[in-house]
Amino acid sequence: MAFRTPPEVLLRQCLRYRSVSKIITKPSHSVSQVPCAAASYKTAVCVKIGAPLEVQHLPRPRKLNAREVLISTHALGINFADILTCKGQYQDRRKTPFTPGGEISGKVVEVGAEVSKVKIGDRVIALDFAKSGGASEVFVAPAEAVFPVPEHLSLVDAAATVVSYSTAMMALSRKAKLKQRERVLITAAAGATGLAAVDIARNLFDCEVIAVCGGVDKCNFLKERGANYTIDYTKENIRERVKEITKGRGVDVVMDQVGGDTLLDCIKSLGFEGRALTVGYAAGSIPNIPANQLLLKSSSLIGVFWGSYALSNPAAFMESITQVFEALSQKKIHPYVGNTFKLEQINEAFQFILDRKSVGKVVIKIREEDHPAVL
Ligand SMILES: NC(=O)c1ccc[n+]([C@@H]2O[C@H](COP(=O)([O-])OP(=O)(O)OC[C@H]3O[C@@H](n4cnc5c(N)ncnc54)[C@H](OP(=O)(O)O)[C@@H]3O)[C@@H](O)[C@H]2O)c1
């Protein structure tokens, strides 16, 4: 499975989307068809880089190969890479037309001849960022990227879980080697990845969590979600507040999704032998860190690129997903979907994220869970 995560230069301020999706019926790209009863399905298409997506009605997808699974999509979890791809600002440039979205949940409607892992009717999560295509009523995924949804999890929550939680799990568990009851500082803590990290650090590692975010509403929300302390960086200095909270000792681990000046502030907030994780650059700038800042406290700076493990170390990649599913099944962690949008509102959903209005994950709800499959 080719798998890629967001690039780390995020020029969100520059990205603007029109608010209304255009609905058209003539497909702008061809799809090979199989003889079947169903006529067409809805899909959001990027017809031109930088332009709003269009919702089109396309013919049924081509015939499955032996290792593929056809899924009737219920929900799409939006990742920032989806937005950047449509703007042509992702590391891999896509040829138009294409349908964005690589993290979906839904029900299996057909399986290839060699697929035994899932069967028709199963509730599943599927990932495919290389081919994408998730902003659609149907999704064809390679069987190895399809996972059964834990029973108690709704399909909306399921679409919001794997990328954010597995990234946070890999960062904290594998890369930072987080220990029980350590002190953790998490930036962009109300965002999808940050909130997953707060959940994992609090509820799996019993850590003391200091959550950094912008604004009093996000601070209150993070306290409700279990953060021990919050820092509103729009009013407070991260380093001074961490010093106050930890009585000068600093934190053991930092997980930073923001970059820019924030990462250096966070590194300065580490205690002796602290570990800082650089996970994202939501601020849009990649920081230069003076090496002496690491030497002074014998601390470490560790990069995390979860998606790259799918190719470079599939065992570690799968381990991060398995750890998340185990914790979900034991109801120890609780994914949070802040907002849902319809497929026709996908441009509004993108803009909502760009405007930093989101908390947790934003999900496109394509159809209700009890709705029959389209194919
Ligand atoms: N390395 C990996 O494997 C990996 C995996 C997943 C995601 N990521 C990266 O992690 C970062 C966060 O992803 P996410 O899914 O958690 O995103 P998200 O849900 O959109 O949250 C991002 C948050 O960053 C904060 N932020 C700070 N400065 C910002 C700025 N200048 N512009 C926009 N937002 C700013 C905002 O919160 P406040 O309002 O509180 O400031 C915003 O809500 C992204 O860079 C993403 O590409 C990396």
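Helices (H or I, at least four residues) and strands (E, at least two) are taken as DSSP runs and numbered from the N terminus. By this assignment, the secondary structure of the protein comprises eleven helices and 16 strands, and Leu195 is placed in helix α4. The model is predicted, so that local features require pLDDT of at least 70 and side-chain atom pairs count only at pLDDT 80 or more, whereas totals for chains, interfaces and linings use all residues. Residues are numbered from 1 along each chain as its sequence is written, and side-chain values use heavy atoms, with hydrogens and water left out.

Of the 375 residues of the protein, 55% count as buried, where buried denotes under 20% relative accessible area, exposed over 50%, and partly exposed in between (1.4 Å probe, protein chains only). The accessible surface amounts to about 15800 Å², and carbon and sulfur atoms contribute 50% of it; these areas come from the Shrake-Rupley method with a 1.4 Å probe, and for residues only the protein chains shown count as cover. Among contacts (heavy atoms within 4.5 Å) with a separation of 6 or more, 74% involve residues 24 or more positions apart.

An open sheet of six strands is found in the order β11-β10-β9-β12-β13-β14, with parallel pairing; two strands are said to pair if DSSP finds at least two bridges between them. Strands β11 (229–232) and β14 (300–303) form the edges, each pairing on one side only. From one strand to the next, the twist averages 15 degrees. Within this sheet, β9 (residues 183–186) and β10 (residues 208–213) run parallel and are joined by four bridges, with Ala211 of β10 as the bridge partner of Ile186. Helix α3 (residues 162–175) packs on the sheet, where it touches β9, β12 (251–256), β13 (270–278) and β14, and its direction makes about 150 degrees with that of β12. Such angles run from 0 to 180 degrees between N-to-C directions, the axes being lines fitted to C-alpha atoms, for helices over the stretch in contact. Helix α4 (residues 192–203) also packs on the sheet, touching β9, β10 and β12, at about 170 degrees to the direction of β9.

In α4, Leu195 is buried, with a relative accessible area of 4%. Beyond its neighbours within four places in sequence, Leu195 is in contact with Ala189, Ala190, Phe221, Leu222, Arg225, Tyr336 and Gly360. The C-alpha atoms of Leu195 and Tyr165 are 8.8 Å apart, with their positions 30 residues apart in sequence.

Helix α6 (residues 238–245) contains the buried residues Ile238, Arg241, Val242 and Ile245. These residues lie on the same side of α6 because they cover an arc of only 100 degrees around the axis, the arc being that of the directions from the helix axis to the C-beta atoms. Their cover includes β9, β10, β11, β12 and α7 (260–268). The face turned away from the buried side of α6 carries the exposed residues Glu240, Lys243 and Glu244.

Strands β15 (residues 337–342) and β16 (residues 361–365) pair in the parallel sense over five bridges, and Thr340 has Val363 of β16 as its bridge partner. The chain passes from β15 through helix α11 (residues 346–354) to β16 in a right-handed β-α-β crossover; right-handed signifies that, with the strands pointing away from the viewer, the path from the first strand over the helix to the second runs clockwise.

Asp82, in helix α1 (residues 80–87), is buried, with a relative accessible area of 5%. Apart from neighbours within four places in sequence, Asp82 is in contact with Gly77, Pro100, Gly101, Gly102, Phe129 and Phe350.
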